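Here is a brisk report on a protein with bound ligands. It covers the metal site, the two other ligand sites and some backbone details.

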Amino acid sequence: MVERRIPIAVQEAVNKVMEHRITGEREKVSILNCNNRRLAEKISAKHNIPSFDKSPYDGFAVRSEDTQNASSDNPVEFEVVEHIGAGQLPTKTLKVNQATRIMTGAKIPSGADCVAMFEVCQTSDRNNKQYMSLKRKMAAGQNIIKEGSEVKNGELLLPEGTIINPGVKAILATFGYNQVEVARKPVIGVLATGTELLEVDQELVPGKIRNSNAYMIASQIEQAGGICKYYGKLADEFDPSYKKIKDVLEEVDILITTGGVSVGDFDLMPDIYAELEAEVLFNKVAMRPGSVTTVAVKGNQLLFGLSGNPSACYVGFELFVRPVIQHYLFNNNPYLKRIKATLAADFPKPNPFTRFVRSYITYENGMVNVQLAGMDKSNVVTSLAHTTCFMVLPGGTRGFKSGDQVEALLLNDPIGQGEF
Ligand SMILES: Nc1nc2c(c(=O)[nH]1)N[C@H]1C(S)=C(S)[C@@H](COP(=O)(O)OP(=O)(O)OC[C@H]3O[C@@H](n4cnc5c(N)ncnc54)[C@H](O)[C@@H]3O)O[C@H]1N2
Ligand code: MOO
Ligand SMILES: [Mg+2]
């Protein structure tokens, strides 16, 4: 008689998995190859930005008090005493009616408290001297980027877990992080079980299928920020499967197997977990697809037994594996971003369990819409190609119609959220 499995709620299953989450390690990498890594150190300003009063324009630095009588019919004349470009240091302190010719980004000379742009200045030469005249008043601080006006030394700018995007990299370079501490990527072993499986480069033979799950999971792992180590296929034979899994566990942080977790004669994973003396956290979840997703733990290693059905496998990864990877990568918002959206098509079928419907988001006349990605069966693989979110239909509901407000979990949102 087949064992009766008692399904647990999705939230409970997620909580059980996350009880066994581990925080990753740190490693230093060069700023030249840290794209999309997650910071493993918080970044605070190491100095003021800017670190000196600087000019935002090409023009003349002057003392605003000298310009108070300037007007269109009363131009005020200044002797130009120095020329400085960005990177040069002024050597002269301005006296009454003196000006420094200054370029954008250059340090404001002492004595000056404003900059007049070239466009509003007239220049002239006389007796081997240069002069500038101005027909307008300037206010103190006008056209000056004050030291520390953007960021003050010591200010916290980026928390641990931040993804290094181009803007983050600019901040790292600004403060001289030519090496930066990032979260080490977890190494995730992948094994696909099933005598029916062929490798991608093998010709199709009757009764067999190609192992699409492993390649799909490899891509999901990398998108989630992990490193996939693919260890190939396992035929449905206990001893070699057990041995291979035992060996792989020596080399990886996390193990994912696909298939063999239901109640079939060749579904070996339950016995393999038992032989490993791994604690099975659950083997039945009140969800569709993925209801037979099984997760076990051995020591501090999580062993994810994802379903063999491609869509069940895919959903199982996103709900249970991805948050573990995100936490490992110092992301305090490890769960998929959950949004409200409008269903763009009818979805009449009953949802005995919480259903995660493969969908994608469109934005029309200011509305966020959920579109169905295609066939919504656990064994279907093709609709996954169009899937960018899961519409979440609560268990015990049915008869959803176009226009209904629904919730959706966004896949691959880099920020995520703090609770499931
Ligand atoms: N009598 C019952 N039968 C089944 C139940 C049940 O409760 N009672 N559970 C069903 C559910 S739910 C799912 S989901 C599937 C998944 O079970 P397994 O994890 O044991 O998956 P397999 O049996 O190994 O394979 C299922 C299906 O997926 C294909 N497959 C397997 N591996 C791959 C791969 N790497 N790439 C592509 N496709 C793969 C496999 O050929 C099967 O067609 O069990 C139901 N059965
Ligand atoms: O686990 Mo299932 O519910 O068919 O995908
Ligand atoms: Mg099976």
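D267 is placed in the loop between β15 (254-258) and α5 (269-276). Helices (H or I, at least four residues) and strands (E, at least two) are DSSP runs, numbered from the N terminus. D267 holds the metal: its OD atoms, listed twice, are the protein donors of the magnesium ion (ligand 3), at 2.3 to 2.4 Å. Donors are N, O and S atoms within 2.8 Å of the metal (3.2 Å for Na, K and Ca); water is not among the atoms, so sites may look incomplete.

This is a predicted model, where local features need pLDDT of at least 70 and side-chain atom pairs count only at pLDDT 80 or more, while totals for chains, interfaces and linings use all residues. Residues are numbered from 1 along each chain as its sequence is written, chains are lettered from A and ligands numbered from 1 in the order in which they are written, and side-chain values use heavy atoms, leaving out hydrogens and water.

**Ligand 1**

Ligand 1 has 23 residues around it. A residue is near a molecule if one of its heavy atoms lies within 4 Å of it. The closest are E196, N211, G260, S262 and G308. By class, the shell holds seven nonpolar, 13 polar and three charged residues. Here Ala, Val, Leu, Ile, Met, Phe, Trp, Tyr, Cys and Pro count as nonpolar, Asp, Glu, Lys and Arg as charged, and the others, Gly among them, as polar.

Ligand 1 sits in the largest pocket. β11 (187-193), β13 (209-210) and α3 (212-224) are the elements that give two or more residues to its shell. A pocket, on a 1 Å grid over the protein atoms alone, is an open set of points where a 1.4 Å probe fits, with protein on both sides within 12 Å along at least five of seven lines. A molecule sits in one if more than half of its atoms lie within 2 Å of its grid points.

**Ligand 2**

The space taken by ligand 2 is also the largest pocket. Its surrounding residues are R288, P289, G290, S291, V292, S307, A312 and S378. That shell divides into three nonpolar, four polar and one charged.

**Polar contacts**

The table lists contacts of both ligands. A polar contact is a pair of N or O atoms within 3.5 Å.

| Ligand atom | Protein partner | Distance |
|---|---|---|
| Ligand 1, oxygen | E196, side-chain N or O | 2.7 Å |
| Ligand 1, nitrogen | S212, backbone N or O | 3.2 Å |
| Ligand 1, oxygen | N309, backbone N or O | 3.4 Å |
| Ligand 2, oxygen | R288, side-chain N or O | 2.9 Å |
| Ligand 2, oxygen | G290, polar backbone atom | 2.7 Å |
| Ligand 2, oxygen | S378, side-chain N or O | 2.5 Å |

**Backbone details**

Which residues does a cis peptide bond join beside ligand 2? R288 and P289, with omega about -15 degrees. P289 lies in the loop between β17 (287-288) and β18 (294-298). The bond from I49 to P50 is cis too, with omega near -15 degrees. P50 belongs to the loop between β2 (43-44) and β3 (59-62). N36 is not a glycine, yet has a positive phi of about 65 degrees. N36 is found in the loop between β1 (26-30) and β2.

Technical notes: A polar contact is a pair of N or O atoms within 3.5 Å; within protein, one must be able to donate a hydrogen and the other to accept it, and residues adjacent in sequence count only if both atoms are side-chain atoms. On a 1 Å grid over the protein atoms alone, a cavity is a set of points where a 1.4 Å probe fits but cannot get out, and a pocket is an open set with protein on both sides within 12 Å along at least five of seven lines; lining residues have an atom within 4 Å of a point.
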